[in-house]
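Notebook open, model loaded. I'm jotting down what I look up as I go.

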Amino acid sequence: MESSVVENIVIVGAGIAGLATSLALHRLGVRSLVLEYSDSLRVTGFGLTTWTNAWKALDALGVGDILRNQHLQLQRNVTTSLSLGQQTSSLSLIGTGKHGDGEVRCVRRQLMIEALGNELPSGTIRFSSKVVAIQESGFFKIVHLADGTTIKTKVLVGCDGINSVVAKWLGFKEASFTGRYVIRGDIKLTNKHGLQPNFMHFFGEGFRSGVLPCDDKTVYWFFTWTPTTEEKELVNNPAKMKRLVLNKFEKMPSDIRCFIEKTETEDILTSPLRYRHQWELVLGNISKGNVCVVGDAFHPMAPDLGQGGCCSLEDGIVLGRYLAQAFCKKGESEEQYKEIEASLRKYAKERRWRSIDISVTSYVLGLLLQGDLKLVAHVRDKVLPHFLAELLLKKSDFDCGKLNTSD
C-alpha cells in the first residue's frame, strides 16, 4: 500500500535523537513524520548523565525546566581508587566555563523521552513502522516498511540507532566492538536514599564505575570492564553480572555498595560497547543528497565521556535549524532538492569534527582508564582521575546554539 501523501521529512526512530530532531523542526514550524518500529515510545532504559551542553539543547527545545524539576543537580565529581582505598579527586561540576555555569544531572531516560514526545503534535509518531528498505525516486526517497506500506519523502533522517538501516544505506559499516562491556542498573527506593548530590566515580584494576543519584529516591549505577572469556559467557545472566560487580566492589564503602546489592536483577542490563572508527567519521557520508544520520546512527561511541545522548541532542538542534532554512525557501522540486542537499551538507560539516573529537577522546580514554599495565595502572590511580574530571567538564562546555533560522 503506497502512501498518497508526500512527506516533507521522515525521521526513522523515536529515541532521543529522533524526538529531538522532530521537536526542533516543530518549534521552527516544519512538520515531520517519525517512524518507530515498536508499538509505543521506548521508555525503558537507565540514567543518562546530562551535561551542560545537553541542557543548552534541552532549553532550546523548551523542555529543560521540565526535566530540571524532576532531577537533582550534581555538585561534584568525586573519584575514589578502590585499589588504593582512597579518594583521589574532587572537582566542582558547577563552575563557570566559556558558555556559562556548569550543569550536570543524571536524567532518567524514560522522563527525557516522555518530555520530548509530549511536546510533539498528535500524529507525529507512526508506531509499528519498521523500515526494511530505502528506494530512490527522482528528488524523493521511498521508504518501505515491514507491513508493506511505502512512504515518499523529500528528506530522510536516520535516527535509528547503532544498527541503523539509514546509516547502512549511506555506506557506513556496522559499529566496531571496543572489547569492553557495560553493566547498568538502577534502583527506585520507597524512602530517600540520603546520598550527596555527587557523581561518584570508582576505579579499580581493569574497571571503572559510577554511582549517581537521579532524584531523591532513584540511584543509577554503571560498571565498565573488559570481560574474560569465562565472563563473556555470563553476560546474559543478570544475577551473575550483579555478583561479578559486587565482587569487584569488595572495597567500596558499604553505604554505596548497598544500592548495587538492593538492585533487582530485572533492573540490570549488560551490553557490549561499540563505536564508529574515526576514519569512517572523517571520510563517511554523514549526508548524501536528501538523506542524513543523527545520534547513534551517526556516531555510536564509548560512554567514557558520557556524551552519547548529549551529542544526539546537539545534532537535533543543528539539523533542525538547517532543514528549516531549506523549507523556508519556496521553489520547484529540483530547486528545493538542491536547498535540502545544501542544508544537510552544512549540518554534516558542522557536526563532523565535534563528533570525531568526542568519539575519539572517549575511545582513547577508555583504553587508558582500563589498561592493566603497571605504568598505566599507576597513571590511572594517581593522575587520570583529576584529568578525567577536567576533561568531562571541558568537553561539555559547548553550546549548539538556539533554534532560529537566521544564517
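**Strand E16 and its partners**

I started with a cross-strand pair: valine 182 stands opposite threonine 224 in E16. Before going on, a note to self: this is a predicted model, where local features need pLDDT of at least 70, side-chain atom pairs count only at pLDDT 80 or more, and totals for chains, interfaces and linings use all residues. Residues are numbered from 1 along each chain as its sequence is written, and side-chain values use heavy atoms, with hydrogens and water left out.

I looked up the strand pairing next (two strands pair if DSSP finds at least two bridges between them). Helices (H or I, at least four residues) and strands (E, at least two) are DSSP runs, numbered from the N terminus. E13 (residues 176–188) runs antiparallel to E16, with 8 bridges. E15 (residues 207–213) is also antiparallel to E16, through 7 bridges, and these two make a hairpin with 4 residues between them.

How many residues of E16 are buried? I got 8 of the 8 in residues 218–225, so the strand is largely enclosed by the rest of the structure. Buried is under 20% relative accessible area, exposed over 50%, partly exposed in between (1.4 Å probe, protein chains only). Thr218, Tyr220, Phe222 and Thr224 point one way, while Val219, Trp221, Phe223 and Trp225 point the other.

**Serine 209**

I checked serine 209 in E15, which stands opposite phenylalanine 223 in E16. Serine 209 has 1% relative accessibility, so I count it as buried. Leaving aside neighbours within four places in sequence, its contacts (heavy atoms within 4.5 Å) include His201, Phe222 and Met252.

**Cores**

I then pulled the nonpolar cores: sets of buried Ala, Val, Leu, Ile, Met, Phe, Trp, Tyr and Cys residues joined through side-chain atoms within 4.5 Å. The largest has 93 residues, and Leu61, Val157 and Tyr347 are among those touching the most other members. Helix H10 (residues 308–328) gives the largest share of this core, 11 residues. Apart from this core lies another of 25 residues, among them Met200 and Val219.

I also listed what tyrosine 347 touches, not counting residues up to four places away in sequence: Cys292, Phe298, Asp315 and Tyr322 are among them.

**H1 against H4**

Last, I looked at helix H1 (residues 16–27) and helix H4 (residues 109–118), whose axes come within 9 Å and cross at roughly 25°. Ile16, Leu19, Ala20 and Leu23 in H1 meet Met112, Ile113, Leu116 and Gly117 in H4.

Methods: Axes fitted to C-alpha atoms, helices over the stretch in contact; angles between N-to-C directions.
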